[in-house]
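I opened the notebook to record what I looked up in this structure. The entries follow the order in which I went through it.

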Amino acid sequence: MVKNIIFDFGGVLINWNPHNLYDGYFGDKEKAQWFIDNICTSEWNSQMDKGKPFDVGVAELVAKHPDWETEIRVYQTRWHEMVTQEMPGMTQLLTDLKANGYPIYGLTNWSDETMQEEFKRWNIFRLVDDMVVSGREKILKPDPAIYHCLLSRFKLEPDECVFIDDNQKNVEAAQKLGIHAVRFEDAEKLRQTLIDMNVRL
């Protein structure tokens, strides 16, 4: 029986995407895509998600790509512009889950520096009871260790949890540990999937 609901944050609870900043910054979606693919890459961002201070990560990248210094620094100084809104329908879904007695947990790959800021900024996080953030633990999904960290810290049984993430690799890693896991598409589909799993909504 499902007793606990665990959510990823970016792409599930809130809309985080570097394109939200850089498409407008460059005024050219193709140039923004090239920059994200080749300069401020997801692999580079993952270093901060794993605990590297942003100042250090930015300085290292600027040293590697000095011609792009201004654009790289914008990644840090205008970070908030990458997060544009709460994902449609998700605040109501979490509200309904809470009303039916389900604890809500977070398990996210995110820099602790920026997560603290975003946590204050978006009301949806008021519905999260507790969370494990990769930047604090210095472990990234889909490493099984970060799932074990969440389970042990909050004394959760894997088969009593549902985990929702927009990354299939993270979903599969949870499933291998015996956690019910769902790949997120949108709030409406997720609601129906949870109902099908006998979650009260």
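The entries below cover one strand and its neighbours, then a pocket, then salt bridges.

**Entry 1: the model**

I note at the start that the model is predicted.

**Entry 2: strand 6**

I began with strand 6, residues 161–165, and asked how many of its residues are buried. The count came back as 5 of 5, and I logged the strand as mostly covered. I then split the strand by face. On one side I found C161, F163 and D165, and on the other V162 and I164. Every one of these residues is buried, which leaves both faces of strand 6 covered.

**Entry 3: neighbours of strand 6**

Which way does strand 1 run relative to strand 6, parallel or antiparallel? I found the two parallel, with 4 bridges joining strand 1 (residues 4–7) to strand 6. Looking up F7, I got I164 as its bridge partner in strand 6.

I then turned to strand 7, residues 180–183, which also pairs with strand 6 in the parallel sense, over 4 bridges. Here F163 stands opposite A181. I also looked up the connection: strand 6, helix 10 (residues 168–176) and strand 7 form a β-α-β unit, and its hand is right.

**Entry 4: the largest pocket**

I took the volume of the largest pocket next and wrote down about 670 Å³. Its lining is made of 30 residues. Those nearest the centre of the pocket are W16, S42, N45, D49 and N167.

Which helix gives the most to this lining? I found helix 3, with 5 residues. Helix 2 (29–38), helix 3 (42–49) and helix 10 each supply at least two lining residues. Helix 10 thus appears twice in these notes, in the pocket lining and in the β-α-β unit. Sorted by class, the lining has 14 polar, 9 nonpolar and 7 charged residues.

**Entry 5: salt bridges**

I counted salt bridges over the structure and got 12. I looked at three of them in detail.

The side chains of D8 and K141 meet at 3.0 Å, N to O. This pair links distant parts of the chain, 133 residues apart. D8 sits in the loop between strand 1 and strand 2 (14–16), and K141 in the loop between helix 8 (134–137) and helix 9 (144–153). Are the two ends buried or exposed? D8 is buried, at 5% relative accessible area, and K141 counts as buried too, at 6%.

For R73 and E69 I recorded a salt bridge at 2.9 Å, N to O. Both lie in helix 5 (residues 69–77), and because they are 4 residues apart, about one helical turn separates them. I have R73 as partly exposed at 38% and E69 as partly exposed at 32%.

For R153 and E137 the distance is 2.7 Å, N to O. The pair joins distant parts of the chain, with R153 in helix 9 and E137 in helix 8, 16 residues apart. R153 is partly exposed at 41%, and E137 is partly exposed at 22%.

Last, I checked for shared partners. Salt bridges with partners in common join D8, K141 and D165 into one network. D165 was already in my notes as a buried residue of strand 6.

Definitions and conventions
Residues are numbered from 1 along each chain as its sequence is written. This is a predicted model: local features need pLDDT of at least 70, side-chain atom pairs count only at pLDDT 80 or more; totals for chains, interfaces and linings use all residues. Side-chain values use heavy atoms; hydrogens and water are left out. Buried means under 20% relative accessible area, exposed over 50%, partly exposed in between (1.4 Å probe, protein chains only). Two strands pair if DSSP finds at least two bridges between them. A crossover is right-handed if, with the strands pointing away from the viewer, the path from the first strand over the helix to the second runs clockwise. On a 1 Å grid over the protein atoms alone, a cavity is a set of points where a 1.4 Å probe fits but cannot get out, and a pocket is an open set with protein on both sides within 12 Å along at least five of seven lines; lining residues have an atom within 4 Å of a point. Grid points are joined across faces, edges and corners, and a volume is the space filled by probe spheres set on the points. Ala, Val, Leu, Ile, Met, Phe, Trp, Tyr, Cys and Pro count as nonpolar, Asp, Glu, Lys and Arg as charged, and the others, Gly among them, as polar. A salt bridge is a side-chain nitrogen of Lys or Arg within 4 Å of a carboxyl oxygen of Asp or Glu.
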